[in-house]
Amino acid sequence: MAATLAAGCSTDTIVGQATVAADSFAPSADNHDPSLQISGVVVTEIKPGQPHVLPTQRVAYPSIPPVGGPHDSQWAACTGVVYSKALRSENAVHSLEHGAVWIAYNPAKVSPQDQATLSAKVTDRQYTLMSPIPDMEHPISLQSWGHQLTLDSATDERIDQFIVALRENPYTTPEVGATCSSPLFDRNDPPPYDPTPPGPDAVPMDGAR
């Protein structure tokens with residue numbers, strides 16, 4: 001679970017890899033949730049065992065991006081996938097349940113160069129995924145189950161800290177050991193993100209029907 005470090009004794013930041021400082025945020029038996037030490041992290045209590053919704057249903061998530069709750073039975077592939085299209089929230093939330101960290105960004109507020117910096121932190125890295133969310137309030141938002149961190153800069157050191165602290169964290173992940181491989185999920189043309197507010201028929205966060 002420890003982060004991958006730069007070779008040798010250099011402490012220079014390597015894009016796509018955690019720094020030595022970030023490695024200290026790895027969870028342990030003595031520190032279940034090191035993300036609590038990261039400035040700006042917001043923690044929301046969301047009980048495990050959330051119900052599944054149909055592909056045609058929406059969930060009344062209180063925030064975009066969401067950090068947990070009821071979700072689609074099909075999870076978005078999170079094997080280090082960088083999506084070019086916005087994801088349906090209900091699929092991405094299921095990935096969080098499996099222990100993934102989801103990097104979302106507003107393409108109007110994050111330059112192509114900074115998008116590449118973020119992409120390098122995700123590409124081929126198990127239990128991570130990245131996708132755009134048009135019109136998202138913040139330039140960058142990181143999510144894991146029950147945790148969120150919004151940022152302005154792709155080079156903010158807290159990105160690596162968040163990933164190290166929460167990716168596959170056995171103490172905060174509801175379904176420890178669940179796979180991020182999702183062969184039935186279309187990576188090139190995923191279920192689309194719906195920017196409109198959920199209607200009165202949306203599934204509430206408590207899962208009641």
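## A hairpin and its turn

In the hairpin formed by strand 7 and strand 8, two residues lie between the strands, and one residue, Gly-146, takes a positive phi near 75°. The model described here is predicted. Strand 7 covers residues 140–144 and runs antiparallel to strand 8, with five bridges joining the two. Within this pairing, Gln-143 has Gln-148 in strand 8 as its bridge partner.

Strand 8 has a second partner. Strand 1 (residues 42–43) is also antiparallel to strand 8, and two bridges join them. Here Val-43 is paired with His-147 of strand 8. Strand 8 itself spans residues 147–151 and is mostly covered, since four of its five residues are buried.

## His-147

His-147 lies in strand 8. Is His-147 buried or exposed? His-147 counts as buried because its relative accessible area is 4%, which falls under the 20% cut-off.

Two polar contacts of the His-147 side chain can be described. With the side chain of Asp-33, His-147 makes a polar contact of 2.7 Å. A polar atom of the His-147 side chain also lies 2.7 Å from the backbone oxygen of Trp-145.

Which residues touch His-147 once its neighbours within four places in sequence are set aside? The contacts are Asp-33, Ser-35, Val-41, Val-42, Val-43, Val-67, Leu-142, Phe-162, Leu-166 and Thr-172. Asp-33 thus appears both in this list and as a side-chain polar contact. Val-43 is in the list and is the bridge partner of His-147 as well.

## Helix 4

Helix 4 runs from residue 158 to residue 166 and is mostly covered, with eight of its nine residues buried. The buried residues are Ile-159, Asp-160, Gln-161, Phe-162, Ile-163, Val-164, Ala-165 and Leu-166. Among them, Phe-162 and Leu-166 are in contact with His-147. This ties helix 4 to strand 8 through His-147.

After helix 4 comes Glu-168, a residue with a positive phi near 60°. Gly-146, in the hairpin, has a positive phi too.

## One aromatic pair

How many aromatic pairs does a search of the whole structure find? The search finds one. The pair consists of Tyr-83 and Phe-185 in an edge-to-face arrangement, 6.1 Å from centre to centre and with 90° between the planes. The two residues are 102 residues apart, so the pair links distant parts of the chain: Tyr-83 belongs to the loop between strand 4 (79–82) and helix 2 (89–97), and Phe-185 to the segment after helix 4.

Both rings belong to buried residues. Tyr-83 counts as buried because its relative accessibility is 2%, and Phe-185 is buried with a relative accessible area of 5%.

## The chain as a whole

The protein chain contains four helices and eight strands. In sequence order, they follow the pattern α-β-β-β-β-α-β-α-β-β-β-α. The pattern ends with a helix.

The chain has 209 residues, and 51% of them count as buried. Its accessible surface is about 9900 Å², with 52% of that belonging to carbon and sulfur atoms. Among contacts with a separation of 6 or more, 74% are between residues 24 or more positions apart. The aromatic pair of Tyr-83 and Phe-185 links distant parts of the chain as well.

Methods. Residues are numbered from 1 along each chain as its sequence is written. This is a predicted model: local features need pLDDT of at least 70, side-chain atom pairs count only at pLDDT 80 or more; totals for chains, interfaces and linings use all residues. Side-chain values use heavy atoms; hydrogens and water are left out. Buried means under 20% relative accessible area, exposed over 50%, partly exposed in between (1.4 Å probe, protein chains only). Rings of Phe, Tyr and Trp (its six-membered ring) pair if their centres lie within 6.5 Å; planes under 30 degrees apart count as stacked, over 60 as edge-to-face and the rest as tilted. Two strands pair if DSSP finds at least two bridges between them. A polar contact is a pair of N or O atoms within 3.5 Å; within protein, one must be able to donate a hydrogen and the other to accept it, and residues adjacent in sequence count only if both atoms are side-chain atoms. Contact means heavy atoms within 4.5 Å. Accessible areas come from the Shrake-Rupley method with a 1.4 Å probe; for residues, only the protein chains shown count as cover.
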